[in-house]
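Please follow the account below with the sequence and the coordinates at hand. It proceeds through charged pairs, aromatic rings and a few individual residues.

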Amino acid sequence: MATVVPLIGITPAGEKEKSDKKKEVCYCHLVQLLRTTSHLLNQTYIVHWNLIGSKFYSIHLLTEDIYKEMQEGLDVVAEHIRSLNISTPFCVMDLNTAKELDPLPHNCFDQEKMISTLSVNYNKLANSFSQLSEEAEAIGDQLTMDLAAERGRAHKKQQWLLKSNLSIN
């Protein structure tokens with residue numbers, strides 16, 4: 001009976017395709033998170049500029065702190081994508097596509113609803129980065145996993161800061 005000796009670096013048929021598909025899913029998700037982050041940054045500007053009511057000043061200052069951090073975080077995500085030799089969106093319309101986020105209310109006097117919607121959207125973004133971290137771990141990409149964890153933590157904090165300003169948490 002012949003002894004079977006495994007060859008190093010050789011994977012069973014189909015394993016490379018599965019691995020490539022997992023990478024594709026992970027990196028497509030990363031690019032989508034760039035879009036979603038950009039969209040949420042714009043929503044943050046909208047609340048910053050348009051909220052009217054008794055919470056205006058405190059939310060104006062808070063959203064300014066948030067959008068400044070978001071600008072830096074957005075750049076870090078984009079640079080990481082480029083470091084993977086993946087293109088970022090070329091069109092502003094493409095960059096602001098985020099179907100998973102709730103739209104902001106059009107009534108700038110409904111400050112509770114505006115703050116609540118923004119808070120919910122930050123939580124959604126944090127959860128999506130958490131999912132990306134798991135996808136990156138599955139493909140052995142430690143740098144993307146670390147980036148996803150860092151951005152997820154930042155967005156979870158932003159969600160908490162916004163939610164703490166609601167009358168009813």
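K68 is partly exposed in this predicted model, with a relative accessible area of 41%. That value falls between the limits of 20% for buried and 50% for exposed, and therefore K68 receives the intermediate label. The side chain of K68 meets that of E64 in a salt bridge, with 3.1 Å from N to O. E64 is likewise assigned to the partly exposed class, at 23% relative accessibility. Both residues belong to helix 2, and because they are four residues apart there, about one helical turn separates them.

The salt bridges in the model number four. Another of them joins K55 and E112, whose side chains meet at 2.3 Å, N to O. This pair connects distant parts of the chain: K55 is in the loop between helix 1 and helix 2, E112 is in helix 4 (residues 111-138), and the two are 57 residues apart. Is K55 buried or exposed? Its relative accessibility is 14%, so K55 counts as buried. E112, by contrast, has 25% relative accessibility and counts as partly exposed.

A further salt bridge is formed by K124 and D102, with the closest N and O atoms 2.8 Å apart. Here too distant parts of the chain are linked, since K124 lies in helix 4 and D102 in the loop between helix 3 (92-95) and helix 4, 22 residues apart. K124 is partly exposed at 30% relative accessibility, and D102 is partly exposed with a relative accessible area of 30%.

D102 also appears among the contacts of T117, a residue of helix 4. With residues up to four places away in sequence not counted, T117 touches D102, P103, L104 and P105. The relative accessible area of T117 is 5%, so this residue is buried.

The aromatic residues come next. A pair of aromatic rings is described by the distance of the centres and the angle of the planes. How many aromatic pairs does the model contain? The count is two. In the pair of Y45 and W49, the ring centres are 5.3 Å apart and the planes meet at 10°, so the pair is stacked. The limit for this label is an angle under 30 degrees. Y45 and W49 are four residues apart in helix 1 (residues 15-50), and therefore about one helical turn lies between them. The two residues have opposite labels for accessibility: Y45 is buried, with a relative accessible area of 14%, whereas W49 counts as exposed at 57%.

Y45 also forms an aromatic pair with Y67, and this pair is tilted, with 4.8 Å from centre to centre and 55° between the planes. Why does this pair tie together separate parts of the chain? Y45 lies in helix 1 and Y67 in helix 2 (residues 56-83), so the pair joins parts that are 22 residues apart in sequence. Both Y45 and Y67 are buried. Through these ring pairs, Y45, W49 and Y67 are linked into a cluster.

Helix 2 can now be considered as an element. It has 28 residues, and at 1.5 Å a residue it should span 40 Å; the C-alpha atoms at its ends are 40 Å apart, which agrees with that expectation. Its buried residues are I59, L62, T63, I66, Y67, M70, G73, L74, V77, A78, H80 and I81. After helix 2 comes N85, which has a positive phi near 65°.

Helix 2 also contains F56. At 31% relative accessibility, F56 counts as partly exposed. Together with Y57 and L61, F56 makes a nonpolar surface patch of about 300 Å². A residue needs over 30% relative accessible area to be part of such a patch, and the 31% of F56 therefore meets that requirement.

The last residue to consider is L143, which is found in helix 5 (residues 142-163). Its relative accessible area is 62%, so L143 is exposed. L143 and N165 are separated by 22 residues in sequence, and their C-alpha atoms are 34 Å apart in space.

Conventions. Residues numbered from 1 in each chain as written. Predicted model: local features only at pLDDT ≥ 70, side-chain atom pairs only at ≥ 80, totals over all residues. Heavy atoms only, no water. Phe/Tyr/Trp six-rings, centres within 6.5 Å; stacked < 30°, edge-to-face > 60°. Buried < 20%, exposed > 50% of the residue type's maximum accessible area, 1.4 Å probe, protein only. Expected span 1.5 Å × (residues − 1). Patch = residues over 30% accessible without salt bridge, like charges linked within 9 Å, V, L, I, M, F, W, Y side chains within 5 Å. Areas by Shrake-Rupley, 256 points an atom, 1.4 Å probe, with all protein chains shown as cover. Contact = heavy atoms within 4.5 Å.
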